[in-house]
Every structure is written in C-alpha cells, then in structure tokens.
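Opening the notebook on a new fold today. I want to look up how the sheet is put together and what packs around it.

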Amino acid sequence: MNLLIADDENLELKVLEKTIKKFFLNELDIFMASNGKQAAGIVENTDINIALLDIEMPGMNGIELAKLIREKNHDCIIIFITAYDRFEYAIEAMHIKAFDYLLKPWKEEKLTGLISEAISSIKEISSDDGKSENWTKQDWFHNNSVYYDRHTNSLILSGRHQDVVASID
C-alpha cells in the first residue's frame, strides 16, 4: 500500500515519516512531498491508497490536492493534518469525503489508530470481490457522518458553536 505525506513544514514531514515507519514499516510504502505541486506529481505517477495532507501549502493547497486525488482514486483515504481549525476547512474536508481531520499537534496514538483503520478499510475494499462500490459508498457515508458529528461537537464544546449555526443558515 502507498501512503503520501504532503506538508510544507520540513520538521513535520520528517516526524510523520518517522512515526509511520515505526508502526507500519512493512505495510506501507511512503511518498513525501514538501508542497502541493510536488505531491500532485506523485499522485499522477503513483496509485496512492492513503494521503496525509496539510491544508496550507504553497502552490497547491491540501484541499485542491485532495480534489485531484479524489478524481484519480475515489477510494483513496484522505486524512488532513493541519494547524488550522477553521470550520470552512472542515466543511470542505467533509465534501471531499475525508476520512478524518487532525489538528496539530497530533497525538501518536490518534494518528496510528487512524492509519490502522485506513489500512483495514483498504483491505476490506480489496477483498470485497466486486462489491467494493456499494461498500465504499456506505463506508464513506458512515465515516463522514461520524467525522461531522465529532468536529461539530468539538466546536460546540470549544465555544465556537456560532460557526456551526452560521454554516446552517
């Protein structure tokens, strides 16, 4: 399985790579990009199964990159890892059908848990014997509902519920 890490912060890129290699050395081939355009080149030449994307990157941001990835591989599992907790980004991530949205600084257990879930989902899709289209639609719907509920609850608990209400109006 191929995993793409795209982040313009060099230290973050290296820490993500080191963490993923520590837990998934024999399961994942890791591709790294320090900006969106470089990541887009990797996506054009490689079948990416899991993408860890920063949102704010020069050249092409993570949202644009995720849309490109989704066009090429609708089953790719996209996880945003960003320092930005803007509600607009969360809504965009939901529309792109992102698997999750982690805020920096992330916790190792959370990141590795999400990657384990992603690997399991990909294996289930591959072993589905022709039924993967129905399974993935149900799975994406479930993941996005759970994601939206989690993010909305965290906004309400943090006092940013006005953003939630404003987005509904």
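These are my entries on the sheet, its strands and the helices, all from a predicted model.

**Entry 1: the sheet.** I started with the strand order. There are 5 strands in an open sheet, and reading across I get β2-β1-β3-β4-β5, with parallel pairing. Which strands sit at the edges? They are β2 (29-33) and β5 (100-103), each of which has a pairing partner on one side only. I also looked up the twist: on average, neighbouring strands here are turned by 15° against each other, ignoring direction.

**Entry 2: β1 and its partners.** Next I went to β1, residues 2-6, which pairs with β2 in the parallel sense over 5 bridges. For the register, I found L3 opposite I30 of β2, and I5 opposite M32 of β2. Going to the other partner, β1 pairs with β3 over 4 bridges, again in the parallel sense. Here A6 is the residue to look at, since A6 stands opposite L53 in β3.

**Entry 3: is β1 buried or exposed?** Mostly covered, I'd note: 5 of its 5 residues are buried. I checked the two faces as well. N2, L4 and A6 are on one side, L3 and I5 are on the other, and all of them are buried, so to speak for both faces at once: both are covered.

**Entry 4: getting from β1 to β2.** I traced the chain out of β1, through α1 and into β2; this β-α-β crossover is right-handed. Then I looked at where α1 (residues 10-24) lies. It goes across β1, β2, β3 (50-53) and β4 (77-82), and runs at about 175° to β2.

**Entry 5: α2 against α3.** Last, a helix pair. A reminder to myself: two packed helices are described by the angle between their axes and the distance between the axes. For α2 (residues 36-45) and α3 (residues 62-72), I have an angle of about 5° and axes 10 Å apart. Angles under 35 degrees count as roughly parallel, and α2 and α3 are therefore roughly parallel to each other.

Which residues make the contact? From α2, I listed G36, A39, A40, V43 and E44; from α3, the list is L65, L68, I69 and K72. Sorting the contact of α2 with α3 by class gave me 6 nonpolar, 1 polar and 2 charged residues.

Terms used. Residues are numbered from 1 along each chain as its sequence is written. This is a predicted model: local features need pLDDT of at least 70, side-chain atom pairs count only at pLDDT 80 or more; totals for chains, interfaces and linings use all residues. Side-chain values use heavy atoms; hydrogens and water are left out. Two strands pair if DSSP finds at least two bridges between them. Helices (H or I, at least four residues) and strands (E, at least two) are DSSP runs, numbered from the N terminus. Axes are lines fitted to C-alpha atoms, for helices over the stretch in contact, and angles run from 0 to 180 degrees between N-to-C directions. Contact means heavy atoms within 4.5 Å. Angles under 35 degrees count as roughly parallel, over 145 as roughly antiparallel, 65 to 115 as roughly perpendicular and the rest as oblique. Ala, Val, Leu, Ile, Met, Phe, Trp, Tyr, Cys and Pro count as nonpolar, Asp, Glu, Lys and Arg as charged, and the others, Gly among them, as polar. Buried means under 20% relative accessible area, exposed over 50%, partly exposed in between (1.4 Å probe, protein chains only). A crossover is right-handed if, with the strands pointing away from the viewer, the path from the first strand over the helix to the second runs clockwise.
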